[in-house]
Amino acid sequence: MSDAKAAPTRFNLRLAILLAMAMFVLVVDTSLMNVSISAVVRDLDTTVSGVQGAIALEALVSAAFILIGGKTGDLIGRKLAYILGLLGYAVGAIAMTLAQNLLTIVIFWAFIGGIGASLLLPSMQSLIHGNFEGDHQKRVYALVGASAAIAAAVGPLLGGFITTFLSWRVGFLLEAVIIAVVLAGIGLVHDVPYTGRRSIDLIGALLSVIGMGGIVTGILVWQEGGEYVLLLIVVGAAALVGLVFWLRARSKRNKATLLDPALFTSKLFRTGVSGQLLQQVALGGTMIALPIYLQMVLEYNALLAGLSIAPLSLSMFVIALLAGRRMKWRPANLILSGFLLSVIGIVIIIPIVPIATNGWFLTIPLIISGSGLGLLVSQLNNYTLSPISDERVSEAAGVNSAAGSFGLSFGLAFAGAIMLATLSLTFTSLTNASTVLPAEDKQQVATALEEDAQVMSNTQLEKQLAHENPAVREEVVRINTEARPLALQVALLIPLLAGLLGAGNALRMRRLPDPAPSDSGEASVIG
């Protein structure tokens, strides 16, 4: 597995496509699971909360172990780590085609699949860095980024189609087939050797797992209405702060570290990683709010919801490809434009939410936001990693992937939690202010709306209330109708804020020199 690195003389299109296919599977996997929840619950005779817990666990394992995954690639070889990551995903996909209970999903799909993702993401970025150079490298980063973008947006459509007309098991079987195709072309991949220290920083690894896992777990527990939310988040934040001090202390004593803190002496790297995190928060927040809006308020099925989000995915894909190959602006200017366009799109969507009668109302703002996100996915990976030397690229890619994975899981969890918290407060407020509901029924109605109606359409709610007094039924539906758009508008403030912070970060990038290849510029500092 330790092929000598060979500098390519021409663009290896087949390898680039295989890398993009691997990224597509990685991203579409969770989308397929999200739109298959009801079918999985029915077929396995389990609960919605159980399946949602498995989805949360997969994201959590990936985010928590991704820094360790990057270091593992250094120790065993980036190519071997890439293969093991693909095999981990294949095990999860095959298990989903055969699963007869929730425990199988938790063990094989969530845990083993999550570990696979933590190995696959940093090793893939290291291999792109080592197998392509110059403009070819930019093209591959753009292609892989576009593949991830379109998978995130089109995943609900593909999953909805397959689940509706075939079976959710077929979707995961197709994932395994794609992984087999990618592995069949593994001979095209040249390994990227690592010449640094090979000892393991166990304390740093433990702190990274507790830090990343604690914060995301805290938000997920808050979303589910559990206890000890603040404690979990504080423990996670304290562990991340402790990791910073630990790495600095170990580095000063010239001992092995989970990652080299000298990476962060590069302003290019710091701003690039920050941009990656904020872009993924924006994407995660958008992709949790819009599908819920389309299915919960407009009462679309998975297919119609996917079609409504298609303008976002298509614009992301097209702009990412164009920006990676043809746009000659400074990378910092493209990144700034990307964040600004994503903000403009969200700003337009927010007032549309209460008045839209169909998904066509979202088309123009989704194209605007998608164009912005397309610019970002085409530029950020290359901006962050191009100045890094081959010796440090796995560590840098691990940090970059950790920022992206953490940002995505944070955006999904936090926007979802904010939405549910707003629903809860709004249900209670509107119920208490009602002049139709009897005083003795108000608390019961508020509690029922909070606990049951948050995942139900008005049509489903009317069926559930069929036995109630018509006036009470109409009032409860009215409260439900008014509360949901407001909650979704508040949830969209998360990607909006992330976009604004990203634009501020991009302004800092404009004051820095453009990133240069690793044999020049700041590579002497971080190599």
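This passage describes the nonpolar cores, the aromatic pairs and one helix packing in a predicted model.

The largest nonpolar core has 59 residues. Leu19, Tyr82, Met124 and Val140 have the most contacts inside this core. Helix α1, which spans residues 13–35, gives the most to the core, with nine residues. Apart from this core lies another, of 50 residues. Met287, Ala305, Leu423 and Ala491 are among the residues of that other core.

Valine 140 was examined further, leaving aside its neighbours within four places in sequence. Valine 140 is then in contact with Phe11, Ala16, Leu19, Ile128 and Phe132. One of these partners, Leu19, is also listed with valine 140 among the residues with the most contacts inside the largest core.

A pair of aromatic rings is described by the distance of the centres and the angle of the planes. The structure holds two such pairs. Phenylalanine 161 and phenylalanine 165 form a tilted pair, because their planes lie at 50 degrees. The centres of these two rings are 5.0 Å apart. Both residues belong to helix α6 (residues 134–165). They are four residues apart, so about one helical turn separates them. Phenylalanine 161 is partly exposed, because its relative accessible area is 46%. Phenylalanine 165 has 52% relative accessibility and so counts as exposed; the cut-off for exposed is over 50%.

The other pair joins tryptophan 168 and phenylalanine 172. This pair is edge-to-face, with 80 degrees between the planes. The distance is 6.4 Å centre to centre. Tryptophan 168 and phenylalanine 172 lie in helix α7 (residues 168–184). Being four residues apart, they too are separated by about one helical turn. Tryptophan 168 counts as buried, because its relative accessibility is 1%. Phenylalanine 172 is buried as well, with a relative accessible area of 0%.

Helix α7 also packs with another helix. Two packed helices are described by the angle between their axes and the distance between the axes. The axes of α4 (residues 78–98) and α7 come within 8 Å. They cross at roughly 155 degrees. This angle makes α4 roughly antiparallel to α7, because angles over 145 degrees count as such. The crossing is left-handed.

Residues of α4 that meet α7 include Tyr82, Ile83, Leu86, Leu87 and Ala90. On the α7 side, Trp168, Arg169, Phe172, Leu173 and Glu175 are among those that take part. Both members of the edge-to-face pair, Trp168 and Phe172, thus appear in the contact between the helices. Tyr82 of α4 is also one of the residues with the most contacts inside the largest nonpolar core.

Terms used: Residues are numbered from 1 along each chain as its sequence is written. This is a predicted model: local features need pLDDT of at least 70, side-chain atom pairs count only at pLDDT 80 or more; totals for chains, interfaces and linings use all residues. Side-chain values use heavy atoms; hydrogens and water are left out. A nonpolar core is a set of buried Ala, Val, Leu, Ile, Met, Phe, Trp, Tyr and Cys residues joined through side-chain atoms within 4.5 Å. Buried means under 20% relative accessible area, exposed over 50%, partly exposed in between (1.4 Å probe, protein chains only). Helices (H or I, at least four residues) and strands (E, at least two) are DSSP runs, numbered from the N terminus. Contact means heavy atoms within 4.5 Å. Rings of Phe, Tyr and Trp (its six-membered ring) pair if their centres lie within 6.5 Å; planes under 30 degrees apart count as stacked, over 60 as edge-to-face and the rest as tilted. Axes are lines fitted to C-alpha atoms, for helices over the stretch in contact, and angles run from 0 to 180 degrees between N-to-C directions. Angles under 35 degrees count as roughly parallel, over 145 as roughly antiparallel, 65 to 115 as roughly perpendicular and the rest as oblique. A crossing is left-handed if the near helix is turned anticlockwise from the far one by less than a right angle, and right-handed if clockwise.
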